[in-house]
Amino acid sequence: MEVNIHSSWKEILAEELEKPYFSELINFVNHEYTTQTCYPKNDNIFAAFDYCTFDKVKVVIIGQDPYHGVNQANGLCFSVSDGIPKPPSLINIFKEINDDLGLAIPNSGNLERWANQGVLLLNATLTVREGEAGSHQGKGWETFTNAVIKKISEEKEDAVFMLWGGFAKKKGAKVDKNKHEVLESGHPSPLSANRGYWFGNKHFSKANNFIKAKGKEPINW
């Protein structure tokens, strides 16, 4: 697998891409994609970086694993391609946006339009075997995505980090809160949302208020 990541990120992450663990990770991923059915499609592994270039980053949303069902994962966390039924967490995300901003719930669960506006939809692990959640965890992706978060924290200013659930909070714990807006809540999964840890967090209006206060164009959620 060629590391087909956008040039803006390739420059920022140049040192990381040369580290031995990353070569081992790519070898592992190549072997998995050759011998197993894996998601997302090879061309979409780095889609989050292609749609949201480094210079465009306004918001960072952190997920955990790609969806492991047939044709669900498209390289953007929480997102599914056009025509694929919306998973429960994504339904709850749209419900919160509807409640927070009054926006209609869209027919498609494809979040490319968010990414194009500067929302980095970053999974901690960028690949997975079909039907096997967590199957590519602990192979190096987490180290790589930690480096991505660190670079954004260090080299950007005034980004909004949305940390949903314990995993994302832990992963974003070192973000510089003096430079960035960090919003935390429970996870949008039904288990968490139905216990009252998700709905009403108003993260989408809070993010836009922060972005506008910095003189930038808000996100059309």
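## Strand 5, well tucked in

Strand 5 is mostly covered, with 5 of its 5 residues buried (under 20% relative accessible area with a 1.4 Å probe, protein chains only; over 50% is exposed, and in between is partly exposed). Strands here are DSSP runs of E with at least two residues, helices are runs of H or I with at least four, and both are numbered from the N terminus. Val160, Met162 and Trp164 point one way, Phe161 and Leu163 point the other way, and all are buried.

Keep in mind that this is a predicted model, where local features need pLDDT of at least 70, side-chain atom pairs count only at pLDDT 80 or more, and totals for chains, interfaces and linings use all residues. Residues are numbered from 1 along each chain as its sequence is written, and side-chain values use heavy atoms, leaving out hydrogens and water.

## Its partners

Strand 5 pairs (DSSP finds at least two bridges) in the parallel sense with strand 2 (residues 59-63), over 3 bridges. It also pairs in the parallel sense with strand 6 (residues 181-185), over 5 bridges. Valine 160 takes part in both: its bridge partner is valine 59 in strand 2 and glutamate 181 in strand 6.

## Helix 5 nearby in the story

Helix 5 (residues 88-101) has 14 residues, so at 1.5 Å a residue (times one less than the number of residues) it should span 20 Å, and its end C-alpha atoms are indeed 20 Å apart. Its buried residues include Leu90, Ile93, Phe94 and Ile97. Strand 5 (160-164) is among the elements covering them, along with helix 10 (203-213). After helix 5 comes glycine 102, with a positive phi near 75°.

How values were computed. Contact = heavy atoms within 4.5 Å.
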